[in-house]
Amino acid sequence: MYNNKIINVFNKENVSSPPIWFLRQAGRHIPEYFSIRSQSKNFIDFCLNTDLIVQSTKLPLKYYNIDAAIVFSDILMIPWAMKRNVQFVKGVGPVMDPMIPNETEILNDIDIKNLLRPLDKALKILRSSIPNHVSLIGFAGAPWTLACYMIEGQSTKDFLLTRKAVWSSNNWFNKLIDSLIDYVVDILEMQANAGADVLMIFDSWAHMIPSFFWKDFGISPTKKIINNLRKRNILIPIIGFPFKAGSSLINYSYESGVDCLALDWTVDLNWAIKNINPNIVIQGNLDPASLIDNNNNLDKSVKLILDTMNNKRHIFNVGHGLTPECKIENIKKVIEIVKNYNN
Ligand code: 1CP
């Protein structure tokens, strides 16, 4: 493992200013991204092309003085490997064959590491070619969020089919979650062994989990994933991102086993300091929408985050992915403010 600013924060070492990186930093807000993407015939092929993964992961490092690179891939590569016919349709987003209740035979015997070998290769190349002071982040989707896409077949407003499946007494939903836990563990283990310094688990639809089932589907799958990784001797830090989980963030922070909690942009950091497990690192949580237009409050809002988190273990980030409209100059300004803090 490399010694860098993010790792220093996890190791409780002093850092002058917090490390900084951005969710979705490799994507569509950088014009060059489109020329890289155009070299493959579709998004899945892009995510299976080692050379293009390496290029797009490194792209933000050309523009920004940031402390991490997140490997270019997608959480939906697991449903793709599970043969759900995943496609990224322009103007619609990801679509796939919706799962039919009780259809569980498709879940078995998938050699996910083999199917995602280009990702493994890319991480190995990346770790030996990006600077030592930059952390390499591997990731996966949380089982709940993957199940949401697999059951609905696409993104929907309120994930009613998934919530119906949870309330039904059939156990196929549990079987699906259990298979997803296994595949997420495999894929995270692969990324750690290939050179990732940190792992992140995205639970983008955590706010759809009925509170009655929060422990079962919001906490327990992540806890099992982390326990299994630790058993396989994967000891690197793990960031959890239960998006917009509100009051449920509290027990997630104590019980899931994550080393860092990533916060969405709605969370008041003073609330977080009072309520979140003080033994874990906080990541976040600037609103990515603040990076779109000219913004007279940008300086103030970044400094407020820095002042609030001063002397706490903190990784500066946005509270959800950068959107295509985010401006490179605004992102550069944020990095400058963060890097100059306390100097
Ligand atoms: O910096 C990076 O871009 C890193 C690579 C990365 C990551 C971490 C991509 C590339 N996707 C993800 C994670 C991801 N994918 C999440 C979790 C984070 C989040 O909540 O945003 C989710 C929910 C997805 C699913 C997905 N893939 C969506 C969202 C659809 C929805 O339901 O709203 C979309 C649009 C994609 C495609 C995709 N993945 C990544 C990129 C750059 C893109 C855009 C593709 C393009 O048009 O070029």
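Ala, Val, Leu, Ile, Met, Phe, Trp, Tyr, Cys and Pro are counted as nonpolar, Asp, Glu, Lys and Arg as charged, and the others, Gly among them, as polar. On this basis, the shell around the ligand in the predicted model comprises 11 nonpolar, 7 polar and 4 charged residues. In total, 22 residues surround the ligand, of which Ala26, Gly27, Ser155, Phe202 and Ser204 come nearest.

The packing of two helices was examined next. Helix α4, spanning residues 50–63, packs against helix α7, spanning residues 117–129, at an angle of about 45 degrees, and the two axes lie 8 Å apart. The arrangement of α4 relative to α7 is therefore oblique. The crossing of these two helices, α4 and α7, is right-handed. On the α4 side, the contact is formed by Thr50, Ile53, Val54 and Thr57, while α7 contributes Pro118, Leu119, Lys121, Ala122, Ile125 and Leu126. Classified by residue type, the contact of α4 with α7 contains 7 nonpolar, 2 polar and 1 charged residues.

Helix α8, which covers residues 143–152, is mostly covered, with 10 of its 10 residues buried. The buried residues of α8 include the aromatic side chains of Trp144 and Tyr149, and Pro143, Thr145, Leu146, Ala147, Cys148, Met150 and Ile151 are likewise buried. Glu152, a residue counted as charged, is also buried in α8. Gly153 follows α8 and has a positive phi, near 85 degrees.

Note on methods
Residues are numbered from 1 along each chain as its sequence is written. This is a predicted model: local features need pLDDT of at least 70, side-chain atom pairs count only at pLDDT 80 or more; totals for chains, interfaces and linings use all residues. Axes are lines fitted to C-alpha atoms, for helices over the stretch in contact, and angles run from 0 to 180 degrees between N-to-C directions. Helices (H or I, at least four residues) and strands (E, at least two) are DSSP runs, numbered from the N terminus. Angles under 35 degrees count as roughly parallel, over 145 as roughly antiparallel, 65 to 115 as roughly perpendicular and the rest as oblique. A crossing is left-handed if the near helix is turned anticlockwise from the far one by less than a right angle, and right-handed if clockwise. Two residues are in contact if their C-beta atoms, placed from the backbone, lie within 7 Å. A residue is near a molecule or strand if its C-beta atom, placed from the backbone, lies within 6 Å of it. A residue is buried if 20 or more other C-beta atoms lie within 10 Å of its own, exposed if 12 or fewer, and partly exposed in between; C-beta atoms are placed from the backbone.
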